[in-house]
Amino acid sequence: MVIAYMNKLQVIKDDKLSELPDTGYSSHTYVGVGKSGNVYCVASSPVKFSAVVAFEPETGKVRQLQMSNVNFISMTCRCT
């Protein structure tokens with residue numbers, strides 16, 4: 001079973017928790033595992049927009065499947 005714990009991808013096997021290799025992202029949510037054993041999730045970081053990614057635990061390869069459609073960050077400041 002793969003879970004996101006403390007924003008890191010973790011594997012639970014034989015009642016032991018172990019962290020998967022670094023994916024290049026700092027936050028992982030909506031985690032799922034496909035029939036092939038690949039891990040799919042929504043990943044993000046302070047320097048990357050959110051994306052749906054596929055992670056291959058056997059090889060450590062991370063593929064970006066779909067990036068957020070946010071092209072810019074809009075900030076509103078009310079100055080007095």
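The structure holds one salt bridge, the term meaning a side-chain nitrogen of Lys or Arg within 4 Å of a carboxyl oxygen of Asp or Glu. Keep it for a later stop.

**Before you start**

This is a predicted model, in which local features need pLDDT of at least 70 and side-chain atom pairs count only at pLDDT 80 or more, while totals for chains, interfaces and linings use all residues. Residues are numbered from 1 along each chain as its sequence is written, and side-chain values use heavy atoms, with hydrogens and water left out.

**Whole chain**

Colour by pLDDT, the predictor's confidence in each residue, from 0 to 100. The mean for the protein is 76. A value of 70 or more is reached by 79% of the residues. Now select residues 72–80. Here pLDDT stays under 50. For this stretch the model has one contact beyond four places in sequence, a contact being heavy atoms within 4.5 Å.

Switch to cartoon view. You will find zero helices and seven strands. Both are DSSP runs numbered from the N terminus: helices are H or I with at least four residues, strands are E with at least two. Along the sequence the pattern reads β-β-β-β-β-β-β.

Show the surface. The protein exposes about 6200 Å², and carbon and sulfur atoms supply 54% of that. The area comes from the Shrake-Rupley method with a 1.4 Å probe; for residues, only the protein chains shown count as cover. Of the 80 residues, 24% count as buried. Buried means under 20% relative accessible area, exposed over 50%, and partly exposed in between (1.4 Å probe, protein chains only).

**Stop 1: the hairpin of strands 2 and 3**

Select residues 8–13, which are strand 2. Add residues 16–19, strand 3. The two pair in the antiparallel sense over four bridges. Pairing requires that DSSP finds at least two bridges between two strands. Click Gln10: its bridge partner in strand 3 is Glu19. Two residues lie between the strands of this hairpin. Asp14 takes a positive phi near 55° there.

**Stop 2: the loop to strand 4**

Move on to Asp22, in the loop between strand 3 and strand 4. Is Asp22 buried or exposed? Asp22 is exposed, with a relative accessible area of 60%. Draw a distance from its C-alpha atom to that of Leu9. It reads 8.5 Å, with the two residues 13 apart along the chain.

**Stop 3: the four-stranded sheet**

Select strands 4 to 7. They form an open sheet in the order 4-5-6-7, with antiparallel pairing. Strand 4 (27–33) and strand 7 (61–67) stand at the edges, each with a single partner strand, so one side of each has no neighbour in the sheet. Neighbouring strands here are turned by 30° against each other on average, direction ignored. The axes behind that angle are lines fitted to C-alpha atoms, for helices over the stretch in contact; angles run from 0 to 180 degrees between N-to-C directions.

Zoom in on strand 4 and strand 5 (residues 39–45). This antiparallel pair has five bridges. His28 stands opposite Ala43 in strand 5.

**Stop 4: Asn38 and the salt bridge**

Select Asn38, in the loop between strand 4 and strand 5. Asn38 is buried, at 13% relative accessible area. Which residues does Asn38 contact, leaving aside its neighbours within four places in sequence? They are Gly32, Val33, Phe55, Glu56, Pro57 and Arg63.

Finish with Glu56 and Arg63. They form a salt bridge, with the closest N and O atoms 3.8 Å apart. Arg63 is partly exposed, with a relative accessible area of 30%.
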